[in-house]
Amino acid sequence: MTAQTTDTPPARRRERRPWLREHSELGVCALLLVLGVLVLTDALTMDVDIAQRGPVGPRTVPVVVGAGLLVIAALLAVDVLRGGRGQAEGSEDVDLSEPADFRTVLLLAGVFLGAAVLIEPLGFPVAGALLFWGAAYALGSRRTDRDPLIAAGLSLVTYTVFNNLLGVPLPGGPLMGVL
């Protein structure tokens with residue numbers, strides 16, 4: 001017996017390949033399914049003390065997100081199997097012949113690393129203000145009269161919302177007694 005008679009016939013291989021290419025969105029469905037199962041498994045096996053939770057416990061959001069991922073995976077799979085295909089989006093006005101702007105990327109990376117280093121000694125309000133101001137500068141804003149004030153206000157509002165309203169403690173730094 002030759003190897004040709006035991007393998008899949010060439011005509012059949014040609015039929016299988018286009019079907020997989022035409023239904024490549026099923027890979028996204030599989031990814032969403034695995035991610036949804038992972039999120040739900042993690043949420044449902046979470047150790048939660050019943051005395052420490054309020055009306056909405058720490059499982060609520062992960063369960064909703066996991067269930068949503070499963071529903072979206074199923075709906076997308078049904079749509080793909082019925083012949084639905086994703087539409088290509090029109091892109092922004094991007095000139096692919098231009099080189100990448102590594103200066104902006106490096107400035108943003110430096111600002112994020114600087115904020116990560118400074119958050120503990122200076123606290124979130126100061127480090128956050130530097131982060132917001134540095135990000136605005138790296139992305140092209142040169143309004144030195146306005147940007148620091150907006151960054152400080154945004155940082156203080158973020159600190160107040162997380163620390164006081166949501167109960168997520170952020171380091172206050174030297175301003176801990178003032179705020």
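# A walk along the helices

Let's start with helix H7, which has 19 residues and reaches 26 Å from its first C-alpha to its last, close to the 27 Å expected at 1.5 Å a residue. Look down the axis of H7 and you'll find its buried residues within an arc of 100 degrees, so they line one face of the helix. Those buried residues are Asp 147, Ala 151, Ser 155, Thr 158 and Tyr 159. They pack against helix H6, which covers residues 124–138. Flip to the other side of H7 and you meet Leu 149, Val 157 and Leu 165, which are exposed. Just after H7, Gly 167 takes a positive phi of about 75 degrees.

Before going on, keep in mind that what you're looking at is a predicted model.

Now zoom out. The protein chain holds seven helices and zero strands, so if you spell out its pattern along the sequence, you get α-α-α-α-α-α-α. The chain has 179 residues, and 20% of them count as buried. Its accessible surface comes to about 13500 Å², with 65% of that belonging to carbon and sulfur atoms. What about contacts between residues at least 6 apart in sequence? Of these, 59% join residues at least 24 apart.

Back to H7 for a moment, because its end takes part in something you can spot on the surface. Val 157, Val 161, Phe 162, Leu 165, Leu 166 and Val 168 make a nonpolar surface patch of about 530 Å². Take Val 161 as an example: this residue sits in H7, which runs over residues 147–165. Is Val 161 buried or partly exposed? Its relative accessible area is 31%, so Val 161 is partly exposed. Patch members need over 30% relative accessible area, so Val 161 qualifies on that count.

Next, the charged side chains. Side chains of opposite charge can pair when their charged atoms come close. How many salt bridges does the structure hold? There are two. In one, Arg 143 pairs with Asp 145, and the closest N and O atoms are 3.3 Å apart. In the other, Arg 146 pairs with Asp 147, with the closest N and O atoms 3.6 Å apart. Arg 143 counts as partly exposed, at 40% relative accessibility. Arg 146 is partly exposed too, with a relative accessible area of 38%. Asp 147, on the other hand, has 8% relative accessibility, so this residue counts as buried. You've already met Asp 147 among the buried residues of H7.

Let's step over to H6, the helix that H7 packs against. At 1.5 Å a residue, its 15 residues should span 21 Å, and the end C-alpha atoms of H6 are 20 Å apart, which agrees. The buried residues of H6 are Phe 124, Pro 125, Ala 127, Gly 128, Ala 129, Leu 131, Gly 134, Ala 135 and Ala 138. What covers them? The cover includes helix H5, residues 102–122, as well as H7. After H6 comes Gly 140, whose phi is positive, near 115 degrees.

Now move to helix H4, residues 60–81. This helix has 22 residues and reaches 32 Å from its first C-alpha to its last, close to the 32 Å expected at 1.5 Å a residue. Which residues of H4 are buried? They are Gly 66, Leu 69, Ala 73, Ala 77 and Val 80. Seen down the axis of H4, these buried residues fall within an arc of 70 degrees, so they line one face of the helix. The face turned away from that buried side carries the exposed residues Val 61, Val 64 and Leu 75. H4 is followed by Gly 83, with a positive phi near 105 degrees.

What lies over the buried residues of H4? Part of the cover is helix H3, residues 25–44. Val 39 lets you see this up close: it is found in H3, and leaving aside its neighbours within four places in sequence, Val 39 is in contact with Pro 62, Gly 66 and Leu 69. Two of those names, Gly 66 and Leu 69, also appear among the buried residues of H4. Val 39 itself has 21% relative accessibility and therefore counts as partly exposed, since buried means under 20%. Val 39 and Val 63 are 24 residues apart in sequence, yet their C-alpha atoms are 7.3 Å apart in space.

Conventions. Residues numbered from 1 in each chain as written. Predicted model: local features only at pLDDT ≥ 70, side-chain atom pairs only at ≥ 80, totals over all residues. Heavy atoms only, no water. Patch = residues over 30% accessible without salt bridge, like charges linked within 9 Å, V, L, I, M, F, W, Y side chains within 5 Å. Areas by Shrake-Rupley, 256 points an atom, 1.4 Å probe, with all protein chains shown as cover. Salt bridge = Lys/Arg side-chain N within 4 Å of Asp/Glu carboxyl O. Helix = DSSP H or I, 4+ residues; strand = E, 2+ residues; numbered from the N terminus. Buried < 20%, exposed > 50% of the residue type's maximum accessible area, 1.4 Å probe, protein only. Expected span 1.5 Å × (residues − 1). Arc of directions from axis to C-beta. Contact = heavy atoms within 4.5 Å.
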